[in-house]
Amino acid sequence: MRIWRELRKNKWLYAMSLPVVVYVFIFSYVPMSAHLLAFKQFSPGKGLWGSEWIGLDNLTFFFTGPDWLGVTVNTIYLNLLFIAAGTICSLCIALLLNEIRHAYFKKVSQSLVILPHFISIVIVNLMVINFFNGQDGMINRIFSQLGFEPVNWFQTPAVWPCLLTIIFVWKGAGWGSIIYLATLTGFSEEYFESARIDGAKRLQQIWYITLPLLRPTIIVLTLLGLGRIFYGDFGLIYGIIGDNSLLFNSTDVIDTYTYRSLRSTNMNSYSNAAAVALFQSVMGLITILFFNWVVRRVDNDSKLF
């Protein structure tokens, strides 16, 4: 009865939300039925429901391979670098933009920092090649002019986690700062006026007022990022690294490893790819549940759910 009373009382509000609910159901929940592919020997002729059920056999190609543990560790490590560096840089950009008082300069600055997000990964790949390519790359030319030995970047796997993190931050930190900036604009000016009356400097206001107020937003976005910690940024990594086996030790992630494995074999690609995606989803769910539990124990008001 309470549900019907609530629906009658706010019927127009629920009617306005109905298109979004239908959209989410169709494009987010209905496709989850495709996870059944992970347990079937999929045949396009028989379809999803008519294909033979084979249980967990589709995961054997991944877990019986010699590199599954290494690519899993790489995926987690790179994503931790991306989350940490992306969060810090996005937060710094938002704080700096929030300090700009000239409206026109603020709009121009925000547009410039967001612009890299819209650059195609193909263009980014060409830029990286021009910067780091052998003797002709811009970085090695600068090294030569300064008297340093050039570095063969595409044969030095140790430097690529750092380089990929820098590229990731350059491309996405500005876009990621939008949410932080939107949150900052919602803070009451009374907090800062009181702090200024008490003699607080600008950095003190940021440290003791702005950052504590931003903490729930930071935690929620970090938890959402941790939920995809088993998903590698395929476009970024494969677009730049490609099939360069010299860099696999430090850059090969679950997505690129699976793509190459399925591309070079005659196995049931649909079902094997679905099995790996299911593994990533389950591990991501476990990760976000665990860290949300930790947050709930430390600061119950900042939990995701």
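Here are a few worked exercises on this predicted model.

**Exercise 1: the chain as a whole**

Work out how many helices and strands the chain has, and what its extent, burial and surface come to.

*Solution.*
1. Start with secondary structure: you should get 15 helices and 2 strands.
2. Next, take the C-alpha trace along its principal axes, where the span is about 80 × 70 × 35 Å.
3. Now run through burial: the chain has 305 residues, and 37% of them count as buried.
4. For the accessible surface, expect about 18900 Å², with carbon and sulfur atoms owning 67% of that.

**Exercise 2: contacts and charges**

Find what share of the chain's contacts with a separation of 6 or more comes from residues 24 or more positions apart, then locate the mean positions of the positive and negative charges.

*Solution.*
1. Keep just the contacts with a separation of 6 or more; residues 24 or more positions apart make up 66% of these.
2. Tally the charges of the chain, which gives 22 positive and 17 negative.
3. Average the positions for each sign, and the two means turn out to be 11 Å apart.

**Exercise 3: a look around Lys40**

Decide whether Lys40 is buried or exposed, and say which backbone oxygens its side chain reaches.

*Solution.*
1. Place the residue: Lys40 sits in strand β1, which covers residues 40-41.
2. Check accessibility. The cut-off for buried is under 20% relative accessible area, and Lys40 comes in at 7%, so Lys40 counts as buried.
3. Follow the side chain. One of its polar atoms is 2.9 Å from the backbone oxygen of Leu48, and the backbone oxygen of Trp49 is reached at 3.2 Å.
4. Compare sequence and space: Gly55 is 15 residues away from Lys40 along the chain, while their C-alpha atoms are 6.7 Å apart.

**Exercise 4: hunting for disulfides**

Count the disulfides, then explain why Cys92 and Cys162 are in none and how exposed each one is.

*Solution.*
1. Recall the chemistry: a disulfide covalently joins the sulfur atoms of two cysteines.
2. Set the test. Two cysteine sulfurs have to be within 2.5 Å to count, and the structure holds 0 disulfides.
3. Try Cys92: the nearest cysteine sulfur belongs to Cys89 and is 6.3 Å away, so Cys92 is in no disulfide by the 2.5 Å test.
4. At 39% relative accessibility, Cys92 is partly exposed.
5. Try Cys162: again the nearest cysteine sulfur is that of Cys89, here 11 Å away, so Cys162 is in no disulfide either.
6. Cys162 has a relative accessible area of 48%, which makes this residue partly exposed.

Methods. Residues are numbered from 1 along each chain as its sequence is written. Side-chain values use heavy atoms; hydrogens and water are left out. Helices (H or I, at least four residues) and strands (E, at least two) are DSSP runs, numbered from the N terminus. Buried means under 20% relative accessible area, exposed over 50%, partly exposed in between (1.4 Å probe, protein chains only). A polar contact is a pair of N or O atoms within 3.5 Å; within protein, one must be able to donate a hydrogen and the other to accept it, and residues adjacent in sequence count only if both atoms are side-chain atoms. Contact means heavy atoms within 4.5 Å. Accessible areas come from the Shrake-Rupley method with a 1.4 Å probe; for residues, only the protein chains shown count as cover. Lys and Arg count as positive and Asp and Glu as negative; His and the chain ends are not counted. The place of a charge is taken as NZ of Lys, CZ of Arg, CG of Asp or CD of Glu.
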